[in-house]
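User: Hi, I have a protein open here and could use some help reading it. Can we go through it together?

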Amino acid sequence: MAVQLGKRYKDEKTGIEVLCIKPGECDLKVDDRAMELMQPKVLPSAD
């Protein structure tokens with residue numbers, strides 16, 4: 001799995017969140033569970 005710079009990854013069971021500050025090929029795991037890529041939060045527009 002390739003982690004992406006500036007992306008957040010989360011483990012649902014433990015609630016651990018990780019912000020990637022260096023991209024590359026690696027496995028992000030917690031207790032042998034792969035961490036999932038989080039979707040960006042949609043913020044309200046500032047019209």
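Analyst: Sure. This is a predicted model. Let's start with Asp-11, which sits in the loop between strand 2 (8-10) and strand 3 (17-19).

User: Is Asp-11 buried or exposed?

Analyst: Asp-11 is buried, with a relative accessible area of 3%. The cut-off for buried is under 20%.

User: Which residues does Asp-11 touch, leaving aside its neighbours within four places in sequence?

Analyst: Asp-11 is in contact with Ile-16, Val-30, Arg-33 and Met-35.

User: What makes up the largest nonpolar core?

Analyst: That core has 6 residues: Val-3, Tyr-9, Cys-20, Leu-28, Val-30 and Met-35.

User: And what is Leu-28 in contact with, beyond its neighbours within four places in sequence?

Analyst: Leu-28 contacts Met-1, Val-3, Tyr-9, Arg-33, Ala-34 and Met-35.

User: Switching to the sheet. What is the order of its strands?

Analyst: The order is 3-2-7, in an open sheet of 3 strands with antiparallel pairing. Strand 3 and strand 7 are at the edges. Each has a single partner strand, so one side of each has no neighbour in the sheet.

User: How many bridges join strand 2 and strand 7?

Analyst: Strand 2 and strand 7 pair over 2 bridges, in the antiparallel sense. Lys-10 stands opposite Glu-36 in strand 7.

User: Where is Leu-37?

Analyst: Leu-37 is in strand 7 (residues 36-37). Its relative accessibility is 38%, so Leu-37 counts as partly exposed. Leaving aside neighbours within four places in sequence, Leu-37 contacts Lys-7, Arg-8 and Tyr-9.

User: How far is Leu-37 from Glu-17?

Analyst: Their C-alpha atoms are separated by 9.7 Å. Along the chain, Leu-37 and Glu-17 are 20 residues apart.

User: Now the cysteines. How many disulfides are there?

Analyst: The count is 0.

User: Why is Cys-20 not bonded to Cys-26?

Analyst: Cys-26 holds the closest cysteine sulfur to that of Cys-20, but the two are 7.0 Å apart, too far for a bond. The cut-off is 2.5 Å.

User: Are these two cysteines buried or exposed?

Analyst: Cys-20 is buried, with a relative accessible area of 9%. Cys-26 is partly exposed, at 33%.

User: Last one. What are the confidence scores like?

Analyst: The protein chain averages a pLDDT of 91, and 100% of the residues score at least 70. Among the elements, strand 2 has the highest mean, 95. Strand 1 (residues 2-3) has the lowest, 89.

Technical notes:
Residues numbered from 1 in each chain as written. Predicted model: local features only at pLDDT ≥ 70, side-chain atom pairs only at ≥ 80, totals over all residues. Heavy atoms only, no water. Core = buried A, V, L, I, M, F, W, Y, C linked by side-chain atoms within 4.5 Å. Buried < 20%, exposed > 50% of the residue type's maximum accessible area, 1.4 Å probe, protein only. Contact = heavy atoms within 4.5 Å. Helix = DSSP H or I, 4+ residues; strand = E, 2+ residues; numbered from the N terminus. Pairing = 2+ DSSP bridges. pLDDT = per-residue confidence, 0-100.
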